[in-house]
Amino acid sequence: MVPGTKGPGNESWNESSPLGPFLLGNERSWVRKVCNSPRHNYIGSIIDTAFRDNDTKPFWRFIKSQRNDCPGIAPLKSGDHLVADASSKAEILNHRFKSVFSKEDTTTAPTLSGPRFPSISNITIDSYGVGKLLSNLSANKASGPDNIPCRVLKGLAYEISPVLTDIFQLSIITGTLPADWKRAKVAPVFKKGDRNLAENYRPISLTCVCCKILQHIICRHIHCHLDANNILSKFQHGFRSEHSCESQLILTVHDLMKHHNNRQQVDLAVLDFSKAFDLVPHERLLSKLHHYGIDGPI
């Protein structure tokens with residue numbers, strides 16, 4: 001209890017109180033009740049949110065946090081036997097993750113036809129804008145290899161934004177990144193299937209939050225360039241503002257119903273690129289970006 005607060009019998013408590021520094025009997029039960037009350041209110045609000053707003057994510061997140069078991073990565077198969085020690089499992093996963101990356105043949109890279117688009121403009125980063133991005137960070141977001149907590153970046157957003165702005169601007173001018181920003185903490189996440197097979201785990205990279213802020217600024221700048229030059233197809237719904245899976249679904253259903261009403265046949269080709277992000281051919285990507293005017297330090 002804090003000195004000056006009221007006890008279970010509404011009596012004041014302080015250092016010279018007959019209760020002293022210890023609480024016995026009814027006082028202990030009262031303290032336990034007071035401590036448990038906020039917890040019960042918190043659980044009640046999660047349940048209310050799940051039923052009222054049909055948002056069950058907080059509920060299941062709470063249930064998962066209450067589980068005592070934390071198995072981590074299951075033993076992994078290496079040949080015909082299972083490996084349980086952490087070092088060997090890390091080697092198996094590392095070998096698996098490296099094997100899925102593309103080995104690009106740079107001798108046959110094609111070039112896009114047609115005139116080249118205008119070059120993208122330079123970026124001038126504003127200190128206030130950097131501070132605003134930092135202030136919008138989630139305080140509970142995981143930190144990267146630099147181990148700088150997001151709570152610190154968020155709490156000191158406008159104090160450290162001038163320094164970060166200078167680093168960002170220098171990075172863009174020179175076309176280089178600080179060494180720590182090229183590193184990542186790679187965590188394997190189980191997807192589906194047999195937990196003992198390394199191919200059923202996906203690598204999740206935790207990079208430095210400051211680098212993600214710079215990535216966000218460059219991404220917004222590139223989006224403006226693409227929109228200004230009308231480069232993206234109108235059928236591109238992913239990763240665009242005012243576009244989503246829902247907008248694509250609406251157009252698809254509209255086309256299906258239109259052809260159905262006209263008694264016309266409709267053929268659908270659905271493609272799923274396995275591990276598409278890992279298999280990006282970088283030289284071809286850079287060549288395509290250059291054609292669309294995304295060149296220079298950007």
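Modeller: A helix here is a DSSP run of H or I, at least four residues long, and helices are numbered from the N terminus. The model is predicted. Histidine 225 is a good place to start.

Biologist: Which helix is the place of histidine 225?

Modeller: Counting from the N terminus gives each helix its number. By that count, histidine 225 lies in helix 7.

Biologist: Is histidine 225 buried or exposed?

Modeller: Its relative accessibility is 7%. Buried means under 20%. So histidine 225 counts as buried.

Biologist: Which residues does histidine 225 touch, not counting residues up to four places away in sequence?

Modeller: Earlier in the chain, histidine 225 touches Pro118, Ser119 and Ile120. Later in the chain, the list is Ile231, Tyr292, Gly293 and Ile294.

Biologist: Stepping back, what pattern does the protein follow along the sequence?

Modeller: The protein has nine helices and four strands. Read in order, they give α-α-β-β-α-α-α-α-β-β-α-α-α.

Biologist: What share of the contacts in the protein, at a separation of 6 or more, comes from residues 24 or more positions apart?

Modeller: Contact means heavy atoms within 4.5 Å. Take the contacts with a separation of 6 or more, then keep those from residues 24 or more positions apart. The share is 60%.

Biologist: What percentage of the residues counts as buried?

Modeller: The protein has 298 residues. The accessible surface is about 21,800 Å², with 57% of it on carbon and sulfur atoms. The buried share of residues is 20%.

Biologist: Which helix gives the most to the largest nonpolar core?

Modeller: That core has 19 residues, and those touching the most other members are Ile125, Val130, Leu134, Phe168, Trp181 and Ile217. Two or more residues come from each of helix 4 (127-135), helix 5 (150-155), helix 6 (157-174) and helix 7 (209-228). The top contributor, with six residues, is helix 7.

Biologist: How many residues are in the other core, which lies apart from it?

Modeller: Its members include Ala74, Leu76, Val83 and Ala198. The count for this other core is eight.

Biologist: Which residues is isoleucine 125 in contact with, leaving aside its neighbours within four places in sequence?

Modeller: Isoleucine 125 is among the residues that touch the most other members of the largest core. Its contacts include Val130, Leu214 and Ile217. The others are Thr165, Phe168, Gln169 and Ile172.

Biologist: How far apart in space are isoleucine 172 and leucine 214, C-alpha to C-alpha?

Modeller: Isoleucine 172 is in helix 6, and counts as buried because its relative accessibility is 9%. Its contacts beyond four places in sequence are Ile123, Ile125, Leu214, Ile218, Pro297 and Ile298. Isoleucine 172 and leucine 214 are 42 residues apart in sequence, with a C-alpha to C-alpha distance of 9.2 Å.

Biologist: Why does threonine 207 count as buried?

Modeller: Threonine 207 sits in the loop between strand 4 (201-206) and helix 7. Beyond four places in sequence, it touches Gly144, Pro145, Arg183, Ala184 and Lys212. The cut-off for buried is under 20%. Threonine 207 counts as buried because its relative accessibility is 18%.

Biologist: What is the phi of glutamate 242 near?

Modeller: Glutamate 242 is in the loop between helix 7 and helix 8 (245-261). Glutamate 242 counts as exposed, at 79% relative accessibility. Its phi is positive although the residue is not glycine, with a value near 65°.

Biologist: And which loop holds asparagine 147?

Modeller: Asparagine 147 has a positive phi as well, near 60°. Its loop is the one between helix 4 and helix 5.

Biologist: How far apart in space are arginine 284 and threonine 111, C-alpha to C-alpha?

Modeller: Arginine 284 is in helix 9 (residues 282-291), and counts as partly exposed at 26% relative accessibility. Leaving aside neighbours within four places, its contacts are Glu104, Asp105, Thr108, Ala109 and Pro110. Arginine 284 and threonine 111 are 173 residues apart in sequence, and their C-alpha atoms are separated by 8.5 Å.

Biologist: How many charged residues are in the lining of the second largest pocket?

Modeller: The pocket holds about 400 Å³ of space. Its lining is Gln248, Thr252, Leu268, Ala269, Val270, Leu271 and Phe273. By class, five are nonpolar and two are polar, and the number of charged residues is zero.

Key. Residues are numbered from 1 along each chain as its sequence is written. This is a predicted model: local features need pLDDT of at least 70, side-chain atom pairs count only at pLDDT 80 or more; totals for chains, interfaces and linings use all residues. Side-chain values use heavy atoms; hydrogens and water are left out. Buried means under 20% relative accessible area, exposed over 50%, partly exposed in between (1.4 Å probe, protein chains only). Accessible areas come from the Shrake-Rupley method with a 1.4 Å probe; for residues, only the protein chains shown count as cover. A nonpolar core is a set of buried Ala, Val, Leu, Ile, Met, Phe, Trp, Tyr and Cys residues joined through side-chain atoms within 4.5 Å. On a 1 Å grid over the protein atoms alone, a cavity is a set of points where a 1.4 Å probe fits but cannot get out, and a pocket is an open set with protein on both sides within 12 Å along at least five of seven lines; lining residues have an atom within 4 Å of a point. Grid points are joined across faces, edges and corners, and a volume is the space filled by probe spheres set on the points. Ala, Val, Leu, Ile, Met, Phe, Trp, Tyr, Cys and Pro count as nonpolar, Asp, Glu, Lys and Arg as charged, and the others, Gly among them, as polar.
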